[in-house]
Amino acid sequence: MSAPKLYHEPRSGPSRGAFLAAKAIGVPIEIEKVDLMKKEQPKESFLKINPQHCVPTLDDDGFILWESRAIASYLAEKFGKDDQWYPKDLRRRAVVNQRLYFDSSNLYVKIRAICYPILFMGETEIKTALKDDLNNSLKFLDGFLSNTKWVAGDNPTIADTSICASMSSILAVGWDLTDFPNIQRWFKDCASLPGFEENLEGAKTFGDAVKKNLKQ
Ligand SMILES: N[C@@H](CCC(=O)N[C@@H](CS)C(=O)NCC(=O)O)C(=O)O
């Protein structure tokens, strides 16, 4: 059986989330880069695999899956040596899921709302309402981290790999975390996650592209 293949764009937060999860779980993955800036995703060969043409996309021996957090939980279930990254205990898993959904439906959405118009729609400033909106989400994240070392408990899980990827993107844009000391402490701890440096490299390329379009 061949290693699962991850269609990956290092600039994309969701893609880096799946990448970090694979690294943490210890799955040997084959990476196939999809360059979104070169608009490689609408290519027919990729559309055949994922008609929604988004990264990350996983191909595990012909089983195709997209949505970064679904990929992370699939990899953890199938390849995890133990249940550290995605606990089997009902309530611990429920908290991990809650944090994953928080990232997917709240934190990441707000980061995207800020960055997308600057990258692709000619915006040159971050609107105050969007800034406040993201800081409001960061207040919640800081609150989660006031009780525990990691976002869903005392051990790192796939909620950390997912949120770490989202946070890396906005930190690369230069976001101010002065009001969020728990996030600062947690993000330093994230340096111990396997693949963290590669994640930072991709985030930096993303952040530089956003900053280039921002009015100085
Ligand atoms: N909720 C999805 C978001 C995926 C997503 O929006 N990917 C973007 C890059 S950040 C993408 O592939 N965009 C290109 C396209 O949709 O054609 C996930 O977590 O995987």
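Me: If a residue counts as exposed when its relative accessible area is over 50%, then what is Lys39, buried or exposed?

Reply: In this predicted model, Lys39 is exposed, because its relative accessible area is 58%, which lies over the 50% cut-off. Lys39 sits in the loop between S2 and H2, and its phi is near 55°, which is a positive value in a residue other than glycine.

Me: Which residue other than Lys39 has a positive phi although it is not a glycine?

Reply: Glu67 does, with a phi of about 85°, and its place is the loop between S4 and H3. Glu67 counts as partly exposed, because its relative accessibility is 43%, and partly exposed is the class between under 20% and over 50%.

Me: OK, strands now. What does S3 pair with on the S1 side, and how do the two run?

Reply: Strand S1, residues 5–8, is joined to S3 by three bridges, and the two strands run antiparallel. Within that pairing, Tyr7 stands opposite Thr57 of S3.

Me: And how many bridges join S3 to S4?

Reply: Four bridges join S3 to strand S4, residues 63–66, and this pair is antiparallel too. Asp59 has Ile64 in S4 as its bridge partner. S3 and S4 make a hairpin with two residues between them, and Asp61, in the turn, has a positive phi of about 55°.

Me: Which residues of S3 are on each side, and are they buried or exposed?

Reply: Thr57 and Asp59 lie on one side, Leu58 and Asp60 lie on the other, and all of them are buried, which leaves both faces of the strand covered. In the loop between helix H2 and S3 you will find Pro56, and the peptide bond that joins Val55 to Pro56 is cis, with omega at about 0°.

Me: Changing topic, how many disulfides are there?

Reply: A search of the whole structure finds zero. Cys54 is in no disulfide, as the nearest cysteine sulfur, that of Cys115, is 18 Å away. Cys54 counts as partly exposed, because its relative accessibility is 22%.

Me: What about Cys164, how far is the nearest cysteine sulfur there?

Reply: For Cys164 the nearest cysteine sulfur is that of Cys190, at 4.0 Å, and Cys164 is in no disulfide. The pair does not count because a disulfide needs the sulfur atoms within 2.5 Å. Cys164 is also buried, because its relative accessibility is 0%.

Me: Last topic, pockets. How much space is in the largest one?

Reply: The largest pocket holds about 870 Å³ of space. It is lined by 28 residues, and those closest to its centre are Ser12, Pro14, Leu36, Tyr108 and Arg112. By type, the lining splits into 14 nonpolar, eight polar and six charged residues.

Me: Which helix gives the largest share of that lining?

Reply: H4 does, with eight residues, while H1, H3 and H4 each supply at least two. Domain 1 (5–79) and domain 2 (90–213) each contribute at least three residues to this lining.

Me: And the second largest pocket, how much space does it have and what gives the most to its lining?

Reply: About 150 Å³ of space lies in the second largest pocket. Its lining includes His8, Phe19 and Glu198, and H1, strand S2 and helix H8 are the elements that give two or more residues. H8 gives the most, five residues. This lining consists of three nonpolar, four polar and four charged residues, and at least three of its residues come from each of domain 1 and domain 2.

How values were computed. Residues are numbered from 1 along each chain as its sequence is written. This is a predicted model: local features need pLDDT of at least 70, side-chain atom pairs count only at pLDDT 80 or more; totals for chains, interfaces and linings use all residues. Side-chain values use heavy atoms; hydrogens and water are left out. On a 1 Å grid over the protein atoms alone, a cavity is a set of points where a 1.4 Å probe fits but cannot get out, and a pocket is an open set with protein on both sides within 12 Å along at least five of seven lines; lining residues have an atom within 4 Å of a point. Grid points are joined across faces, edges and corners, and a volume is the space filled by probe spheres set on the points. Ala, Val, Leu, Ile, Met, Phe, Trp, Tyr, Cys and Pro count as nonpolar, Asp, Glu, Lys and Arg as charged, and the others, Gly among them, as polar. Domain bounds come from an automatic or database domain assignment. Buried means under 20% relative accessible area, exposed over 50%, partly exposed in between (1.4 Å probe, protein chains only). Two strands pair if DSSP finds at least two bridges between them.
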